[in-house]
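Q: I should like to learn how to read a model of this kind, beginning with individual residues and ending with the whole chain. Where might one start?

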Amino acid sequence: MCAVAVHSNWRQHRRRRLSLGAKAKQRKNPNFEQGKPMAKRLIPTFNRVLVEKIIPPSKTTAGILLPEKSSKLNSGKVVAVGPGIRDKSGNTISVAVKEGDTVLLPDYGGTQVKLGDKEYLLYRDDDILGTLHD
């Protein structure tokens with residue numbers, strides 16, 4: 001019985017040490033408790049483009065529900081752009097879009113990135129289908 005009592009005390013001691021370690025992390029990092037990432041802004045590398053997807057409204061201003069097929073256009077707003085890639089001779093090939101452009105996106109692909117409470121998609125410059133103008 002003595003070995004069991006020592007073992008249970010050891011577990012309690014271990015749990016207490018682990019919880020104290022988590023509290024120390026909270027003190028060092030003020031965003032630890034909220035679950036927020038440390039990065040404020042993401043700058044893509046090479047020819048990558050960071051896009052915030054535009055979600056079309058599902059209701060009109062009068063309150064009529066719209067079917068999903070009516071708003072099939074898959075578009076997004078460019079948030080950040082990488083510097084571009086280099087060709088074989090060392091010249092930089094810049095990205096075709098710039099920040100603030102509205103672009104047409106493919107149905108599949110891209111890497112989902114979550115910064116704070118917003119979700120973004122990271123595409124290569126070649127994957128973007130085109131630019132939308134008003």
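**Reading the model**

A: One may start with the position of a single residue relative to the strands: V95 is placed in the loop between β4 and β5. Please note that this is a predicted model.

Q: Is V95 buried or exposed?

A: The criterion is relative accessible area, and buried means under 20%. V95 has a relative accessibility of 11%, so this residue counts as buried.

Q: Which residues is V95 in contact with, leaving aside its neighbours within four places in sequence?

A: A contact is a matter of heavy atoms within 4.5 Å. With those neighbours within four places set aside, V95 touches F46, N47, V49, V81, G82, G84 and D125. For one of these residues, N47, a second reading is available: the C-alpha atoms of V95 and N47 lie 5.9 Å apart, although 48 residues separate the two in sequence.

Q: Where is D101 placed, and how is its burial read?

A: Position and accessibility are again read together. D101 belongs to the loop between β4 (92-93) and β5 (102-104). Its relative accessible area is 14%, under the 20% limit, so D101 is buried.

Q: What lies 3.1 Å from a polar atom of the D101 side chain?

A: The backbone nitrogen of K98 is found at that distance. Beyond the neighbours within four places in sequence, D101 is in contact with G76, K77, V78 and T131.

Q: How should one read the order of strands in the sheet?

A: The order is read across the sheet, from one strand to its neighbour. Here an open sheet of 6 strands runs β6-β7-β1-β2-β5-β8, and its pairing is antiparallel. The edges are held by β6 (111-115) and β8 (130-132); each has a single partner strand, so one side of each lacks a neighbour in the sheet. From one strand to the next, the twist averages 45 degrees.

Q: How many bridges join β1 and β7?

A: Strand β1 (residues 48-53) pairs with strand β7 (residues 118-124) over 4 bridges, in the antiparallel sense. At the level of residues, R48 has R124 in β7 as its bridge partner.

Q: What pattern does the protein chain follow along the sequence?

A: The protein chain contains 1 helix and 8 strands, in the pattern α-β-β-β-β-β-β-β-β. Of its 134 residues, 20% count as buried. Among contacts with a separation of 6 or more, 61% join residues 24 or more positions apart. The chain exposes about 10,900 Å², of which carbon and sulfur atoms supply 55%.

Notes
Residues are numbered from 1 along each chain as its sequence is written. This is a predicted model: local features need pLDDT of at least 70, side-chain atom pairs count only at pLDDT 80 or more; totals for chains, interfaces and linings use all residues. Side-chain values use heavy atoms; hydrogens and water are left out. Two strands pair if DSSP finds at least two bridges between them. Helices (H or I, at least four residues) and strands (E, at least two) are DSSP runs, numbered from the N terminus. Axes are lines fitted to C-alpha atoms, for helices over the stretch in contact, and angles run from 0 to 180 degrees between N-to-C directions. Buried means under 20% relative accessible area, exposed over 50%, partly exposed in between (1.4 Å probe, protein chains only). A polar contact is a pair of N or O atoms within 3.5 Å; within protein, one must be able to donate a hydrogen and the other to accept it, and residues adjacent in sequence count only if both atoms are side-chain atoms. Accessible areas come from the Shrake-Rupley method with a 1.4 Å probe; for residues, only the protein chains shown count as cover.
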